[in-house]
Amino acid sequence: MAIAEQQTEGTSDRSWHGIVLQTLKRNAVSLIPYVPDRVLTPLIKNLHADPFFTTFATAREEEAVGIVSGAWMGGRRGAVLMQTSGFATLANVLASLAVPYQIPLIMFVSERGTLGEFNYGQSLVCRTMRPVLDSLALEHHTVTRLDELEFIADRSIKQAVTTQAPVALILNPLLTGGKVFDK
């Protein structure tokens, strides 16, 4: 049985998506716009099922960033869920909104473009995502291990809020199991 399958069986609070949900809740991050993604589906379903969260799909990642930014200005914490290719559309909104206006934008990015990816476009975006984050001086962490996820997510959210700066948590296929490709 694959590691990702083992992580989704049993108690959901010890799965990667259960840990993310509990960490968001513990840090009062309750607004969760997202762009639908197969890898993030277990997390999205659990967020929808929990009345603590206001969770809804957006058409584009920039829209989700704008919603979370406005919510922060109104006193509410939010996080955006997306996949790697969606991150490729965000350089302008990060550089012109989130960074200069000190929005503690929390981004959870399911990583594609690596570890057996079939789509060259995904691979290209995967190779450019971290350099873009670095060029904007944004904190980012790639999470590959379940035993590190809670610590990294919790501390990253706290740092984003206290420093009023965006953070990206890149959820590697070693953690999530990635996208399953049909043969």
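Mentor: A strand here is a DSSP run of E with at least two residues, and a helix is a run of H or I with at least four, numbered from the N terminus. Keep in mind that this is a predicted model.

Trainee: Okay, so where does Thr-58 lie?

Mentor: Thr-58 sits in the loop between strand 2 (54–57) and helix 4.

Trainee: Why is Thr-58 called buried?

Mentor: Buried means under 20% relative accessible area. Thr-58 has 8%, so it counts as buried. Its side chain also reaches the backbone oxygen of Arg-60 at 3.2 Å.

Trainee: What makes that a polar contact?

Mentor: The cut-off for such a pair of N or O atoms is 3.5 Å, and 3.2 Å falls within it.

Trainee: On to helix 4. How do you know that its length agrees with its 13 residues?

Mentor: At 1.5 Å a residue, residues 61–73 should span 18 Å, and the end C-alpha atoms are 19 Å apart, which agrees.

Trainee: Which residues of helix 4 are buried?

Mentor: Glu-61, Ala-64, Val-65, Val-68, Ser-69 and Ala-71. They cover an arc of only 160 degrees around the axis, so they lie on the same side of helix 4. They pack against strand 1 (29–34), strand 3 (77–83), helix 5 (84–87) and helix 6 (91–98).

Trainee: And what makes Phe-52 and Phe-53 an edge-to-face pair?

Mentor: Ring centres must lie within 6.5 Å, with planes over 60 degrees apart. Phe-52 and Phe-53 have 4.9 Å centre to centre and 85 degrees between the planes, which fits edge-to-face.

Trainee: Is Phe-53 buried or exposed?

Mentor: Phe-53 is at 7% relative accessibility, so it counts as buried, whereas Phe-52, at 33%, counts as partly exposed.

Key. Residues are numbered from 1 along each chain as its sequence is written. This is a predicted model: local features need pLDDT of at least 70, side-chain atom pairs count only at pLDDT 80 or more; totals for chains, interfaces and linings use all residues. Side-chain values use heavy atoms; hydrogens and water are left out. The expected span of a helix is 1.5 Å times one less than its number of residues. Buried means under 20% relative accessible area, exposed over 50%, partly exposed in between (1.4 Å probe, protein chains only). The arc is that of the directions from the helix axis to the C-beta atoms. Contact means heavy atoms within 4.5 Å. Rings of Phe, Tyr and Trp (its six-membered ring) pair if their centres lie within 6.5 Å; planes under 30 degrees apart count as stacked, over 60 as edge-to-face and the rest as tilted. A polar contact is a pair of N or O atoms within 3.5 Å; within protein, one must be able to donate a hydrogen and the other to accept it, and residues adjacent in sequence count only if both atoms are side-chain atoms.
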